[in-house]
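Subject: A structure to look at

Dear colleague,

Here is the structure I promised to pass on to you. Please open it beside this email, and then read through what was found in it.

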Amino acid sequence: MTLDVVLLLPADARRTAVASSRDLARRMADGGSSSHFVLGETFPGLSVGDNEPHVSLFMLGVDPAEVGEVVAQVRTVAATTPPLTVTGLEYRHNPWGAPELYFARSPSWFALQRRVLRAVEPLRRGRLRDV
């Protein structure tokens, strides 16, 4: 299974992302196209979980029995990492065509990513995730 270690958005940024996604889906529908998903709503065809606005830090493939170990490592990183302040630079399309907010790179951002990698990458045990 593939896990995505993510950074969730603060409440105000989450509200903005969800509102923007709903507005974009509405405008697409008005133009005769449909959106594949809307942030803050359940993904079509699935019965659990919402499309949560987030920033991916690291994706890895693990066995289902290893999920608890990954979660424990991520919790340790989260509990020992100071709050991160980031600046959004621009919206542009990601490789899948969805609009995405891109953030300014910073030493604190790189430090967080390095901490996540040090904690979680060994649990991947050399396995590559499905693409």
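**Helix H3 and the rest of the chain**

Helix H3 is followed by arginine 125, whose phi is positive, near 55°. Please keep in mind that this is a predicted model.

H3 itself covers residues 107-124, and because each of its 18 residues should add 1.5 Å, a span of 26 Å is expected, which agrees with the 25 Å between its end C-alpha atoms. Within H3 there is a kink of about 35° at arginine 118, shortly before proline 122. Several residues of H3 are buried, namely Trp109, Leu112, Val116, Ala119, Val120 and Leu123, and what covers the buried residues of this helix includes strand S1 (2-8), strand S2 (54-61) and helix H2 (67-79).

Between S2 and H2 there is a loop, and glutamate 66 has its place there. Is glutamate 66 buried or exposed? Glutamate 66 counts as buried because its relative accessible area is 12%, and the cut-off for buried is under 20%. Its side chain reaches the backbone nitrogen of aspartate 63 at 2.7 Å.

As for the whole protein chain, its secondary structure comes to 3 helices and 4 strands, which run β-α-β-α-β-β-α from the N terminus on. The C-alpha atoms fill a box of roughly 45 × 35 × 25 Å along the principal axes, and buried residues make up 21% of the 131 residues. The accessible surface of the chain comes to about 9,200 Å², of which 58% belongs to carbon and sulfur atoms.

With best wishes

Technical notes: Residues are numbered from 1 along each chain as its sequence is written. This is a predicted model: local features need pLDDT of at least 70, side-chain atom pairs count only at pLDDT 80 or more; totals for chains, interfaces and linings use all residues. Side-chain values use heavy atoms; hydrogens and water are left out. Helices (H or I, at least four residues) and strands (E, at least two) are DSSP runs, numbered from the N terminus. The expected span of a helix is 1.5 Å times one less than its number of residues. The bend at a residue is the angle between axes fitted to the seven residues ending there and the seven starting there. Buried means under 20% relative accessible area, exposed over 50%, partly exposed in between (1.4 Å probe, protein chains only). Contact means heavy atoms within 4.5 Å. A polar contact is a pair of N or O atoms within 3.5 Å; within protein, one must be able to donate a hydrogen and the other to accept it, and residues adjacent in sequence count only if both atoms are side-chain atoms. Accessible areas come from the Shrake-Rupley method with a 1.4 Å probe; for residues, only the protein chains shown count as cover.
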